[in-house]
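Biologist: Could you take me through one part of this protein slowly, as you would at the bench with the model on the screen? I would like a close look at one loop residue and then at what surrounds it in the fold.

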Amino acid sequence: MVDRKVVYEAQKGVPAFECTEYLEKQCDYVLLIPIINEGNRIHKELLRAKKYQISSRADIVICDGGSTDGCTDEEKLRKLEVNTLLVKKDDGKQGAQLRMGIWWAMQRGYKGVITIDGNNKDSIEDVPQFIKKLEEGYDFVQGSRFVKGGEAINTPTIRLLSVKLIHAPIISITARKKFTDTTNAYRAYSMRYLRDDRVKPLRDIFMTYELLAYLSVRATQIGLKACEIPVIRAYPRHGKTPTKISFFKGNMELMKILVKNLCGKYNP
């Protein structure tokens, strides 16, 4: 048991952040969960993780963007077997949160990183399948609801069409390999991939969703092994769709990112 809090100043490619470690490093792999004001959704997701004993396979680390709704309450996170809480104290959105988590994972010496959204849409019980693929020698493992064994539950029609007709085809062309569920943040990276000088994910250019798009294609571009595995992504049957992407502005920004990615603008 450990209870250590450290504040890290901003450095090139890594935002300033506060780190609260509840436990020492327990596993060879880390599960990074970027969140901001996810309310009870993240607690439900962590309850599922606890049920399936995910913390015995991967250290669970919350990468918070500055939540103000109480979802990062320390007592709750401890009970839900969270290993560490990282809180960004700098500019940027998801990309900055992931860079914070990836840098910290590098310092701790993990063999690989798994990422998953914190809104309880994804089958967190499948984390061991990602680890299995990393241990088989894959460097990028994409979770997909569209491959055999995967399930897409209550997916909004506009999202389904945009993934299948726009996002996945463009990413596949850029990666020179077919991918089917390219907006899905449920994926895994080997540390070999993340540390490769031809990749360099720790750059300030990755502020929003650029890093997800870039890491989806760079592995196969440089000859590393990549694959997809089946996962479940379930949207709520009723109520507001849990997302941080606005319909018009957010999707226009995603299109700009896809085009820049296709043109190699994010390559080192």
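Modeller: Happy to! A polar contact here is a pair of N or O atoms within 3.5 Å; inside the protein, one of them must be able to donate a hydrogen and the other to accept it. Please keep in mind that this is a predicted model.

Let's begin with Thr180, which sits in the loop between helix H5 (157–175) and strand E9 (187–190). Its side chain makes a polar contact of 2.6 Å with the side chain of Ser144. Is Thr180 buried or exposed? With a relative accessible area of 18%, Thr180 counts as buried, because the cut-off for that label is under 20%. If we set aside neighbours within four places in sequence, Thr180 is in contact with Ser144, Phe146, Val147, Val163, Ala168 and Glu228.

Two elements from that tour take us to the sheet. This open sheet has nine strands with mixed pairing, in the order E1-E2-E5-E4-E3-E6-E9-E7-E10. At its edges are strand E1 (4–8) and strand E10 (226–230), each of which pairs on one side only. From one strand to the next, the twist averages 20°. For a look inside the sheet, take strand E4 (residues 58–64) and strand E5 (residues 84–88): they run parallel and are joined by four bridges. One residue to find there is Asp64, whose bridge partner in E5 is Val87.

Next comes helix H4 (127–135), where you will find Val127. Val127 is buried, at 0% relative accessibility. Not counting residues up to four places away in sequence, Val127 touches Leu31, Ile54, Ala58, Ile114 and Tyr186. Its C-alpha atom is separated by 9.3 Å from that of Ile116, eleven residues away along the chain.

The loop between strand E6 (112–115) and H4 holds Asn120. This asparagine is partly exposed, with a relative accessible area of 22%, and its phi is near 65°, a positive value in a residue other than glycine. A second asparagine, Asn154, lies in the loop between strand E8 (151–153) and H5. Its phi, near 55°, is positive too, and Asn154 is partly exposed at 33% relative accessible area. Why point these out? Most residues other than glycine have a negative phi.

Helix H7 (residues 210–221) is worth a stop as well. Does its length add up? Its twelve residues should span 16 Å at 1.5 Å a residue, and the end C-alpha atoms are indeed 16 Å apart, so the two values agree. H7 is mostly covered, as twelve of its twelve residues are buried. Among them are Glu210, Arg218 and Gln221, along with Leu211, Leu212 and Val217. Just after the helix, Gly223 takes a positive phi of about 85°.

Finally, a word on the cysteines, since a biochemist may well ask. How many disulfides are there? The count comes to zero. Cys71 is in no disulfide, and the nearest cysteine sulfur, that of Cys63, is 13 Å away. That is outside the cut-off, because a disulfide needs two cysteine sulfur atoms within 2.5 Å. Cys71 is buried, at 1% relative accessibility, and Cys227 is buried too, with a relative accessible area of 9%.

Note on methods: Residues numbered from 1 in each chain as written. Predicted model: local features only at pLDDT ≥ 70, side-chain atom pairs only at ≥ 80, totals over all residues. Heavy atoms only, no water. Pairing = 2+ DSSP bridges. Helix = DSSP H or I, 4+ residues; strand = E, 2+ residues; numbered from the N terminus. Axes fitted to C-alpha atoms, helices over the stretch in contact; angles between N-to-C directions. Buried < 20%, exposed > 50% of the residue type's maximum accessible area, 1.4 Å probe, protein only. Contact = heavy atoms within 4.5 Å. Expected span 1.5 Å × (residues − 1).
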